[in-house]
Amino acid sequence: MKPLNLTVSPSPHCHSGARITGVSFSFLVALLPAVVLGVYYYGLDAIRVMGASVASAMLAEALIQKLLRKPITIADGSAAVSGLLLALILPASVPLYVVVVANFAGIIIGKQCFGGLGANPLNPTLVGWAIIRITKTWAGFLDFDLMLINYDTGFILQYPLAVLKAKGPAALSRFDLVALFLGKQTGGIGASAIICLLLGGLYLVVRGAIRWEIPLCFLLGVVTVSGIFWLADKAAYASPLFHLLTGNVMIGAFFLSTENGSSPVNRWGMVVFGFGCGTFTVILRAWSIYPDGVVFSCLLMSLFVPMLDKLKAKQRIERPTPLTALTKTAEERTPL
Amino acid sequence: MDIDAHVESLDMPENLILLWSERARTDLASKVGDRVITGQDLARNGRGPFISTATGQIRAIDDFRGPDGHDYLAVAIKAKSQDSFDPTLKAIEDIASAAPLELRWAINRAGFNTLSSISSDPTLWPPVDVVILSALDLDPVSIANQQAFREHGDQVESACQLLLRSTGGSRCLLAVPQNLSHVAHNISGRTATVVLVPAVYPNGLPEILARKYGAGLLMRGSNEGVVGNTLVVPIEHALAMVECLHSGKPLVEKTITFSSGQNGKPKNFRVRIGTPLAEVLHKAGTEPQPRDKLILNGIMNGYTCFSDEQPITSTTDSVHLQRWSEVFAFQNAACTNCGKCNAVCPVELEVNLLGRFSEYGIFEKCLALGAENCVECGLCAFVCPARRPLVQFIVHAKHAIKAETFRAVSMKEVMDSDTQGPIPPAIKLFDTSPEEDPSKE
């Protein structure tokens, strides 16, 4: 009989079918409502920024990988997601060269220098944003009040957080919380679409693309710390609900802070990370010169990720005991 | 999931192959050409029982590297269709009044390896804290335990008593899958505490049962000694023990589930232990093609066979035939740090780090992260979006740690025996400090 050549391999012999592409695709689907709302309010300008951002992020990744003679992985969609996220936290009228430079910097310095997807200590999107913010001549491009002055969107064209910073909580009575929740507020192309981001984020949690710990603890952190400020002095600080519904909090909680490489993987690490992000967001909003603190608080907490991942019970290993030490002598054994 | 309970019996095959783990030819009392009867102990005196499951003639004896990586001694028997049972096997009428040691010898002699895997000498079985009778199956497809539990629910009480009495355990748990809770309600007697366990993988794995419901650690025996305090016995084995002890017959048959393809309906067979897989496949009306995979004991943590001559053993629960088109290939991809593996790990290992450290040969870190606690359930690799071979990485690390432990222990023994030399330093695993050059002194 002819021997039968069978395939042999170690277990497991099946797979759930999950792919990195699938995770990126879930992100894109989850961001779609926010993208649609951004296009609805800002028209072609929004499409222009998003297109340039996605294209330049993918191009940056492909170029650096070609240069480093590594396999080109833009097909997994992670670069597209980080490019799109950057566009969503920028104003619609930002010049394209700023978007391109920010994406190249984010992908190359923030991600590929450290070995690519999963090895990045910081979220490339946030690195790109921070580079615009700290470049002296470009920081004005992040001023939503100035950048969006020529648009007619039908709602108050003033960045709520800038109003809070400049005039204090007394001036916030003009903002209707329901309108803020429905995305009728000035801000990033997609970051202001609070309800869309919330739905998209919940979709990601249900799909298993992100874990629920980080978003929940992020939002809890924002509510707790801003609640403490608010209760201490209602005249000087805004209410927790206002903090939740403005700026980058919603996109930060679900999309920016949950980036794989720059967030912890163990449960308690995630809890502390999320809570820390929320806490520093409110602290930066209250005490720093910046109107919003989400990006810097995420970057700050990302630096602690290796430490946070150590928040886990140590494994105990049982060493074998020799049989003779365990069993009783023959006389003792019989009555058992 | 409602399981198909129909079990078909397979005729006695012409050729049986019996496997004996980690043994050499010198452990065997019989030789090629000897006639054997069902239940006859083929082992030499004191080498632990090795039971013939058929009556016939020994055709060949050979060494065999099993698909699970262990070395076996294989004995091929040309079987007759009629059994004549070994008269030296004695029936025990009343289990409750028999001496524990007598029960142990009887269990051992009837060919059950559940307990004798700890030691082939029943007098050396270490004290057990908790005994878990598991009515759960290893694999979602397999039904052997659930079937035995449904059919012989009335015998469960005696099985519990037998196990408690023979092992000296302090308490007995009956792990019942949630879909069979109605069977558990009908059991009379209160020797065992019933725990309802969700019938989801990996809850059926003995390590997980011991961890979640028992005293914490599964009892395992090896050359170095014994680990653990909880003994997990498949209920099919426990019920067969009772039957064998009552009737004075050896363990000769096993219920297995055969499945094929992703949508193929599983079939159940009652087969003689030692039946080659080819016979089962033939009975099921299918044939393996080149490059197919024959998987024993489940697609999640089972192992693949080198050929269809691989026999059914007393621990085989299921056989799965995977076609080449369904064979899954892992990828040599980098970890994306998504943490899905950590979330699913039933023993809470940091799989993302273990995979990376093992990949780059940093085994001392794997040791510190507790790689040895991995139960190889395969869930981490199952969920990995990057499709990394995570189980392979961890098993690789475990192997390296084992080799290093062996090296360190034997080095310590050599140093301890050398009374002339200086006092040896404490042996550390993976000690990377540079060795001192003796010529400098």
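User: Before we start, what do buried and exposed mean here?

Analyst: Happy to set that out: buried means under 20% relative accessible area, exposed means over 50%, and partly exposed lies in between (1.4 Å probe, protein chains only). This is a predicted model, where local features need pLDDT of at least 70, side-chain atom pairs count only at pLDDT 80 or more, and totals for chains, interfaces and linings use all residues. Residues are numbered from 1 along each chain as its sequence is written, chains are lettered from A and ligands numbered from 1 in the order in which they are written, and side-chain values use heavy atoms, with hydrogens and water left out.

User: Why is Cys366(B) called buried?

Analyst: Its relative accessibility is 0%, and the cut-off is under 20%, so Cys366(B) counts as buried.

User: How do you know that Cys366(B) is in no disulfide?

Analyst: A disulfide is a pair of cysteine sulfur atoms within 2.5 Å. The nearest cysteine sulfur to Cys366(B) belongs to Cys374(B) and is 11 Å away, so the pair does not meet the definition. A search of the whole structure finds 0 disulfides over all chains.

User: What about Cys377(B)?

Analyst: The sulfur of Cys380(B) is the nearest, at 6.2 Å, and Cys377(B) is in no disulfide. Cys377(B) is also buried, because its relative accessible area is 6%.

User: Which cavity has Cys377(B) among the residues closest to its centre?

Analyst: That is the second largest cavity, lined by 14 residues, with Cys345(B), Pro346(B), Cys374(B) and Cys380(B) also among the closest to its centre. This cavity holds about 90 Å³ of space.

User: What makes a space a cavity?

Analyst: On a 1 Å grid over the protein atoms alone, a cavity is a set of points where a 1.4 Å probe fits but cannot get out; lining residues have an atom within 4 Å of a point. The search finds 7 cavities of 30 Å³ or more, and the largest has about 320 Å³. Of the 23 residues lining the largest cavity, Phe27(A), Ser78(A), Leu117(A), Glu259(A) and Asn260(A) lie nearest its centre.

User: Why is Leu85(A) called buried, and what does it touch?

Analyst: Leu85(A) has a relative accessible area of 3%, so it is buried. Not counting residues up to four places away in sequence, Leu85(A) touches Leu31(A), Thr125(A), Ile251(A), Phe255(A) and Leu256(A), where contact means heavy atoms within 4.5 Å.

Note on methods
On a 1 Å grid over the protein atoms alone, a cavity is a set of points where a 1.4 Å probe fits but cannot get out, and a pocket is an open set with protein on both sides within 12 Å along at least five of seven lines; lining residues have an atom within 4 Å of a point. Grid points are joined across faces, edges and corners, and a volume is the space filled by probe spheres set on the points.
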